[in-house]
Amino acid sequence: MVLDNHLLRDLTVTEKEQWDEKVKQIAAQHSLRQVFHIEAPIGFLGDPNGFSFFQGEWYLFHQWIPRKTKKKMVYWRGLTSKDLVHWKSLPMTIDPDTKFDSHGAYSGSAWVNQGQLEIFYTGNVRNQENEREAYQIRATMDENGIKKETTPAIMQPPAGYTMNFRDPKVWQYAGKTYAIIGTQTKDKAGRAIIYEASTDLKTWQVKEVLQPFDHDLGYMWECPNFFELDGSQVLIFCPQGTTQKDLEYHTLFPNAFVIGPKWSGDGSEWELKQPKLALVDEGFECYASQIVQAAGRTIIISWMGPSKTPLPTEEFGWSGCLSLPRELSIKDGKLYQKPIQELTSLFGTAQIIDVEHSPSFQASSASQFKVAFKGNGQVLWNIRAEKDNPGLVIKVDLKNQILEVDRQAVFPQVAEGKDGRDTQRRLHFELTDGILELEIWIDHTSFEIFVNQGRSVLSGRLFTTETAQNCNFKVDGNVTVTGEWHEIVK
């Protein structure tokens, strides 16, 4: 793996050879390396960053800790794609190599400006007293590489806010450039601050403090996105410390959204009359979502983490993956997410699901299923099962309109006496014309379930053997099951 940066600058020749050998060993872990989800070649993968469309190609970066060091240095690793499906690594990264990002190039965004890709991210610094400092740094990317501005665009948070001030997401509206940044007040309350940029992007002034709820929500907001969609305005953010009263969630931190009226940009406060906070994904691992708006589309991608439980890949030298790209829309005031259409290019030959005559069959460990359920009974569906292992268990109760997902048999155990094994989810659904439709994407170590055309989404990680390929349906009562599945071929 060749990188045009200083990633390996402090390694000896022998250590570099060991690095290359480790990358090769990881690539050979076929049963754990995924087929169509983005993973790092080595090290820890985190938040998606810099999701953008530039010169006819999609660009996507992600947080990356390539090596275990005392400081756990965070880089940006970059990828590019013509179709959002087949990705290739960029030869350059963003390194934590200046006095303004010496302890990590934290999350941020990218956008196109005057023929080049502009990047805006948070530089994390620990001073001599080990106190956090946060700088919002501009950089530009062209065919020659990535160049950072020598002075941060925003040197410090406004008065009344702590140094928990990060993750700028930039957008353009009515000919102006704005950034929304997650932050924390000195009273330990989460907020997001909107900045407006000067024409030359060198000066950024506070435009508005965003807190559209009637009470404080958590102690820190991370990874905000603020965008117009189908005539409404959507705020996606990660309100750390939110109470279960405000939002029921079972992950380490919530990844949430709220829909409101279109933002005016005229300085008036963005108000929500009856805000309804909801999860972006009701599954097990989903955080730090980032959207891109290009070619008339709004596409979201998320980090499938953090996990409460250590994952098996960590002992081999890598961890983390990103979700599938999903296209967003709003229908009847509700947020829908559907897998992007381009993913169908991965389909092999369609296989009909005939539960009446063949309730059990084998499906590959990288597959897509699309199944409709009609009636008033129950269905037990096992995916990636084998012998005495039930695999991923999906229970459909049409009468009570309840969907249950249980990954207990395909998720790592934890040490005795420790908490953190998160294996079950339950959600209510509404029938559409008397039908429940599930679209399920299975990769070697992950799954994503889209309920009723993406009205709800539930995703997570799973870990089982390469030979676990049984798919079993058991119907109880009056239920008609129809559908098809595709092997994923890449």
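1. Leucine 84 counts as buried, because its relative accessibility is 1%, and the cut-off for a buried residue is under 20%. The model in which this residue is seen is a predicted one. Leucine 84 is found in the loop that runs between strand S3 (75-81) and strand S4 (87-94), and its phi is near 70°, a positive value in a residue other than glycine.

2. Asparagine 130 may be read beside that residue. The phi of asparagine 130 is near 65°, again a positive value in a residue other than glycine, and asparagine 130 is found in the loop between strand S6 (116-126) and strand S7 (132-142). At 52% relative accessibility asparagine 130 counts as exposed, since the term exposed applies over 50%.

3. Helix H1 (residues 13-27) deserves a paragraph of its own. H1 has 15 residues and reaches 22 Å from its first C-alpha to its last, which is close to the 21 Å expected at 1.5 Å a residue. Its buried residues are Trp19, Val23 and Ile26; seen down the axis of H1, these buried residues fall within an arc of 70°, so they line one face of the helix. An α-helix has 3.6 residues a turn, so residues three or four places apart point the same way. The buried residues of H1 pack against S19, whereas Val13, Glu17, Gln18 and Lys24, on the other side of H1, are exposed.

4. Aspartate 20 also belongs to H1, and at 33% relative accessibility aspartate 20 counts as partly exposed. Its C-alpha atom is separated by 9.9 Å from that of isoleucine 42, a residue 22 residues apart from aspartate 20 along the chain.

5. The next point concerns a sheet. Four strands form an open sheet in the order S17-S18-S20-S21, with antiparallel pairing. Strand S17 (287-294) and strand S21 (334-339) are the edge strands, each of them pairing on one side only. Neighbouring strands of this sheet are turned by 35° against each other on average, when direction is ignored. Strands of a sheet pair through backbone hydrogen bonds, either parallel or antiparallel.

6. Within that sheet, S17 and strand S18 (residues 297-303) pair in the antiparallel sense over six bridges. Which residue in S18 is the bridge partner of isoleucine 291? The partner is isoleucine 300.

7. The loop between S18 and strand S19 (318-319) holds proline 306. A reader checking the backbone there should note that a cis peptide bond joins glycine 305 and proline 306, with omega at about -10°.

8. Strand S30 (residues 446-451) and S31 offer another antiparallel pair, which extends over six bridges. For glutamate 448 the bridge partner in S31 is serine 459. The hairpin of S30 and S31 has four residues between the strands, and in this hairpin asparagine 452 takes a positive phi near 50°.

9. Is strand S31 (residues 456-461) mostly covered or mostly uncovered? The strand is mostly covered, for six of its six residues are buried. Both faces of S31 are covered: on one side Ser456, Leu458 and Gly460 are buried, and on the other side Val457, Ser459 and Arg461 are buried as well. Serine 459, the bridge partner of glutamate 448, is thus one of the buried residues of S31.

Note on methods:
Residues numbered from 1 in each chain as written. Predicted model: local features only at pLDDT ≥ 70, side-chain atom pairs only at ≥ 80, totals over all residues. Heavy atoms only, no water. Buried < 20%, exposed > 50% of the residue type's maximum accessible area, 1.4 Å probe, protein only. Helix = DSSP H or I, 4+ residues; strand = E, 2+ residues; numbered from the N terminus. Pairing = 2+ DSSP bridges. Axes fitted to C-alpha atoms, helices over the stretch in contact; angles between N-to-C directions. Expected span 1.5 Å × (residues − 1). Arc of directions from axis to C-beta. Contact = heavy atoms within 4.5 Å.
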